[in-house]
Amino acid sequence: TEHVERRITSFEDYVTDSQLYQAFLYSYAADAYRRKLFAPINGIRSWMFKSFPKKPLSGFGVIDCFDNPVMAFYAQKRTFAPVTVSYAIRYPLESVPAGSPYSVPIWLSNITQQTFRSVIIENSLKSLKGDTVFHSTQTVDVPSAQAKLAQTLQWKTPERPGIYLLRSVVRSGDQAIAQASQYVKVAPAATNKPVRILVVGTSE
């Protein structure tokens with residue numbers, strides 16, 4: 001809860017922030033469930049699809065009372081898709097130090113009875129200005145009715161602190177069959193110089 005914005009200045013900010021929070025929670029939970037497909041999670045069901053109040057009150061639905069999709073609708077559309085890609089990052093909201101090693105496990109989950117052969121996972125890390133900091137591709141198979149760790153990205157975070165966008169697209173031929181994205185907050189390094197520590201003592 002320390003990541004929740006508590007200084008709401010307007011009703012519009014409240015609507016936007018609450019929708020972002022709901023979409024993040026739905027994505028985080030559903031991605032985790034998809035990574036445990038049939039081991040032991042057998043399915044996902046949303047608690048509430050549409051908000052029913054006739055007044056514009058907050059609710060759990062991904063369709064509001066005016067039949068408009070909220071942000072969480074698109075999160076569920078992605079995570080409920082036949083094939084999904086996700087990042088197994090336990091604390092995705094935590095900052096990472098600039099210039100440090102960073103590891104991102106990438107999982108594929110296929111709920112269909114079709115095995116996808118030689119799909120391409122395209123990963124990129126971009127600044128908010130659109131500059132590409134990191135890019136990689138890998139070819140893997142996506143077995144039917146199971147989830148698997150497809151690859152683990154190993155890279156160094158940018159030296160410049162800021163907000164970056166990590167994005168992965170899974171392509172089968174010319175068709176994109178799954179996609180995922182996540183913001184990465186890069187914080188300034190604790191020190192710009194290597195830390196040297198002198199330990200004085202005995203072996204006893």
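The accessible surface of the protein chain comes to about 13700 Å², and 55% of that surface belongs to carbon and sulfur atoms; these areas follow the Shrake-Rupley method with a 1.4 Å probe, and for residues only the protein chains shown count as cover. The model is a predicted one, in which local features need pLDDT of at least 70 and side-chain atom pairs count only at pLDDT 80 or more, while totals for chains, interfaces and linings use all residues. Residues are numbered from 1 along each chain as its sequence is written, and side-chain values use heavy atoms, with hydrogens and water left out.

The pLDDT, which is the predictor's confidence in each residue on a scale from 0 to 100, averages 90 over the protein chain, and 92% of the residues score at least 70. Among the elements of the chain, α1 has the lowest mean pLDDT, 91, and β1 the highest, 98. Where pLDDT is low, the predicted coordinates should not be read in detail.

The chain has two helices and eight strands, where helices (H or I, at least four residues) and strands (E, at least two) are DSSP runs, numbered from the N terminus. Read from the N terminus on, the order of elements is α-α-β-β-β-β-β-β-β-β. Taken along the principal axes, the C-alpha atoms fill a box of roughly 70 × 50 × 45 Å. Of the 204 residues, 33% count as buried, a term that means under 20% relative accessible area, with exposed meaning over 50% and partly exposed in between (1.4 Å probe, protein chains only). Among contacts (heavy atoms within 4.5 Å) between residues at least 6 apart in sequence, 62% join residues at least 24 apart.

Serine 10, in the segment before α1, is partly exposed because its relative accessible area is 31%. Helix α1 itself covers residues 11-34, and its end C-alpha atoms are 34 Å apart, which agrees with the 34 Å that 24 residues should span at 1.5 Å a residue; the expected span is 1.5 Å times one less than the number of residues. Within α1, the residues Gln22, Ala23, Ser27, Ala30, Asp31 and Arg34 are buried. An α-helix has 3.6 residues a turn, so residues three or four places apart point the same way. The buried residues of α1 pack against α2 (71-79), β1 (83-87), β3 (101-110) and β6 (146-156).

One of these buried residues is glutamine 22, with a relative accessible area of 13%. Leaving aside its neighbours within four places in sequence, glutamine 22 is in contact with Gly59, Phe60, Gly61, Val70 and Ala72.

The loop between α1 and α2 holds several backbone features. Phenylalanine 38 lies in this loop and has a phi near 60°, a positive value in a residue other than glycine; at 42% relative accessibility, it counts as partly exposed. Proline 40 is found in the loop too, and the peptide bond that leads to it from alanine 39 is cis, with omega near 10°. Aspartate 67, in the loop between α1 and α2, has a positive phi of about 70° although it is not a glycine, and it is exposed, with a relative accessible area of 52%.

Beyond α2, proline 82 lies in the loop that leads to β1 and counts as partly exposed, at 47% relative accessibility. Not counting residues up to four places away in sequence, proline 82 touches Arg34, Ser109, Asn110, Ile111 and Thr112. The C-alpha atoms of proline 82 and alanine 178 are separated by 8.6 Å, although these residues are 96 apart along the chain.
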